Amino acid sequence: MVNRQTESEQGFPDPPFILKARSTGTPIGQRGILQCEASAIPRAEFEWYKEDRRLLNGINGLKIETQGKQSMLIFFNVSEEDYGNYTCVAMNTMGITNASIIFYGPGAMHDVNGMPFFPCCSFCLLLTITLFHLLKF
């Protein structure tokens, strides 16, 4: 039996690809977690944004925890202000990608696919982040 491997499995460079990013709801006062998983070689670095503001570890009761190809944004005590549109950005030397994740509370409106509905503009954020990181290289 022949064991075929893709270029990514053989260790060739591969830009980030978001594998999992799911919107979630958590009641006020509870612990909430947003998760983002990305495949990439070399391993992706992650950044989190709320609307257009970059989030930092330890600020406003948030913890960013990255283990391997998964990054988690942890809310220790969810408040009304925590709800909204978040963006997980995965990047390495080969490229950059993002995923929009909605953090919602009880009673949020949902679209026909069952996803929470909030107006958002992630394209502008992606463009800004891409330009910023291209200027770094």
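**Phe75 and its ring partners**

I began at Phe75 in this predicted model. Its relative accessible area comes out at 1%, and since buried means under 20%, Phe75 counts as buried. Next I asked myself which aromatic pair Phe75 forms. I ran the search over the whole structure, and it gave four aromatic pairs. In one of them Phe75 meets Tyr86 edge-to-face, with 5.6 Å from centre to centre and 80° between the planes. Phe75 belongs to strand 7 (residues 70-75) and Tyr86 to strand 8, so this pair ties together parts that are eleven residues apart in sequence.

I then followed Tyr86. Tyr86 is buried, with a relative accessible area of 1%. Tyr86 also pairs with Phe103, again edge-to-face, at 6.3 Å centre to centre and 80° between the planes. Here strand 8 supplies Tyr86 and strand 9 supplies Phe103, so the pair ties together parts that are 17 residues apart in sequence. I checked burial for both rings: Tyr86 is buried, and Phe103 is too. Which residues make up the aromatic cluster? I found Phe75, Tyr83, Tyr86 and Phe103 joined in one.

**Strand 9 and its neighbours**

Phe103 led me to strand 9, so to speak, and I looked up its pairings. Strand 8 (residues 84-92) runs antiparallel to strand 9, and nine bridges hold the pairing. For a register mark I noted Val89, whose bridge partner in strand 9 is Asn98. How many residues does the hairpin between strand 8 and strand 9 pass through? I counted two residues in that hairpin.

Strand 9 (residues 95-104) is also joined to strand 2 (residues 24-25), this time in parallel, by two bridges. There I found Thr24 opposite Phe103, a residue I already had in my notes from the aromatic cluster.

**Gly32**

My next stop was Gly32, which lies in strand 3 (residues 32-41). Is Gly32 buried or exposed? I have Gly32 down as buried, at 1% relative accessibility. I listed its contacts, leaving aside neighbours within four places in sequence: Thr26, Leu73, Ile74, Phe75, Val78 and Phe103. Two members of the aromatic cluster, Phe75 and Phe103, are in that list. I also took one distance: the C-alpha atoms of Gly32 and Asn77 are 7.5 Å apart in space, while the two residues are 45 apart in sequence.

**The four-stranded sheet**

From strand 3 I went on to its sheet. I wrote down an open sheet of four strands, in the order 1-3-7-6, with antiparallel pairing. Strand 1 (14-21) and strand 6 (62-67) are at the edges; each has a single partner strand, so one side of each is left without a neighbour in the sheet. From one strand to the next I get an average twist of 20°. Strand 1 and strand 3 share five bridges in the antiparallel sense, and I marked Ile18 with its bridge partner Ala38 in strand 3.

**Whole chain**

I closed with the totals. The chain has two helices and nine strands, and from the N terminus the elements read α-β-β-β-β-β-β-β-β-β-α. Of its 137 residues, 34% count as buried. Among contacts with a separation of 6 or more, 60% come from residues 24 or more positions apart. For accessible surface I noted about 8800 Å², with 55% of that belonging to carbon and sulfur atoms.

Definitions and conventions: Residues are numbered from 1 along each chain as its sequence is written. This is a predicted model: local features need pLDDT of at least 70, side-chain atom pairs count only at pLDDT 80 or more; totals for chains, interfaces and linings use all residues. Side-chain values use heavy atoms; hydrogens and water are left out. Two strands pair if DSSP finds at least two bridges between them. Buried means under 20% relative accessible area, exposed over 50%, partly exposed in between (1.4 Å probe, protein chains only). Contact means heavy atoms within 4.5 Å. Axes are lines fitted to C-alpha atoms, for helices over the stretch in contact, and angles run from 0 to 180 degrees between N-to-C directions. Rings of Phe, Tyr and Trp (its six-membered ring) pair if their centres lie within 6.5 Å; planes under 30 degrees apart count as stacked, over 60 as edge-to-face and the rest as tilted. Accessible areas come from the Shrake-Rupley method with a 1.4 Å probe; for residues, only the protein chains shown count as cover.
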